[in-house]
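Student: Please give a close look at a single position in this model, and then place it in the context of the whole chain. Where is the residue, and how does the rest of the fold unfold around the other elements?

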Amino acid sequence: MVVGENRRGVEALRHTSLMVSLLSLTGAALFHNPAALRVFGDTPDIAGWFADDGQAMLAAVAAGSDFASEELVRTAEGSRWHAIQARPATDPVSGERAVLLQQTDVRERRRAEDLAETRSKLLEELNHTLALVEQQRQQILALSAPVLDVGLQTVAVPLIGNIGSDRISEIAQRLLPALQSQRTRYVILDLTGCSELAESDARRLGQLASAIQLLGARPILTGINPQLARALITSGTDLAGLPTLRTLREAIEHCRAATAKAPAADRSALGAAPPSMSGK
């Protein structure tokens, strides 16, 4: 029975992919199974296999402890990552203390972990970049359409460049809450620096003007050139009751005059001019 079990053990060692070696406490090779022979060759000792020549492993086993680690091992085909397990054993031939060393190739797992870590870092960098781009986009939108305090109860919004739906939405998000909280009476939408206006965006601009009116303020359009006028008309934007003046200066003077004519009690209730909303 014992002979049969030994034969089975020998056969298992011959065919397993696990690299098994029996070493002396000094690192001399007493036995390598076929898997270990294929990787390391018929080496007389383990010197050069590990970064520290395996001294940490040999010392741990000599002290009676098991040793487990993952090491970059030098093999006949180059460096590979191996999972190392070593434990105290006895040389069945000499009866002396020995080291039973088992090694498993973990290159693929390590490669997969390195790839996952790299992808995670790339994803983190991408998310950071996207957040930065969005922050810069919001800053550009704010700078391209600042909300300026130009007098008592009056703000001006100079629109520069192409007016798209994103810019109109961003303006509404900053402008409308400020109108309600600061009781602004007049909002001048200055289109002097606007180079182009699509029909769909013209409708959105009309919707913004309507929202301003619903909050109790009066929108005024200035700086409309012939191209913008055609876009506003063909879009079907309702301009009824919406004052239009040629320049921002004329609009500011108009609002100042209208405010001056307001009842004194009304002006007192509104208080001093609100602080500038530029950039908010």
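Tutor: L126 is partly exposed, with a relative accessible area of 45% (buried means under 20%, exposed over 50%, and partly exposed in between, for a 1.4 Å probe and protein chains only). The model is a predicted one, in which local features need pLDDT of at least 70 and side-chain atom pairs pLDDT 80 or more, while totals for chains, interfaces and linings use all residues. Residues are numbered from 1 along each chain as its sequence is written, and side-chain values use heavy atoms, without hydrogens or water.

L126 belongs to helix α4, which spans residues 107-144. In the chain as a whole there are nine helices and 10 strands (DSSP runs numbered from the N terminus: H or I over at least four residues for helices, E over at least two for strands). Of its 280 residues, 35% count as buried.

Ahead of α4 in sequence, strand β5 (residues 97-105) pairs with strand β1 (residues 19-24) in the antiparallel sense over six bridges (pairing requires at least two DSSP bridges). Within that pairing, L22 has L100 as its bridge partner. Strand β4 (residues 78-90) also runs antiparallel to β5, and nine bridges join the two; here P88 is matched with V99. The hairpin of β4 and β5 has six residues between its strands, and there G95 takes a positive phi near 80°.

The loop between α2 (34-40) and α3 (55-62) contains D42. D42 is exposed, with a relative accessible area of 72%. The C-alpha atoms of D42 and A29 are 8.7 Å apart, although 13 residues separate them along the chain.

After α4 come the strands of an open sheet of five, in the order β6-β7-β8-β9-β10 and with mixed pairing. Strands β6 (148-151) and β10 (244-245) lie at the edges with a single partner strand each, so one side of each has no neighbour in the sheet. Three bridges link β6 to β7 in an antiparallel arrangement, and one bridge pair consists of L148 and A156 in β7. T154 also lies in β7 and counts as buried, at 3% relative accessibility. Neighbours within four places in sequence aside, T154 is in contact (heavy atoms within 4.5 Å) with L148, D149, T184, Y186, I188 and C255.

The largest nonpolar core (buried Ala, Val, Leu, Ile, Met, Phe, Trp, Tyr and Cys joined through side-chain atoms within 4.5 Å) has 27 residues, of which L175, V187, L205 and I212 touch the most other members. Two or more of its residues come from each of β7 (154-162), α5 (165-182), β8 (186-196), α6 (199-214) and α7 (226-234), and α5 supplies the largest share, six residues. Beyond residues up to four places away in sequence, L205 touches L159, I168, L189, L191, L197 and L232. A second, separate core of 19 residues includes M19, A35, M57 and V99. V99 is also the residue in β5 that bridges to P88.

Finally, among contacts in the chain between residues at least 6 apart in sequence, 59% join residues at least 24 apart.
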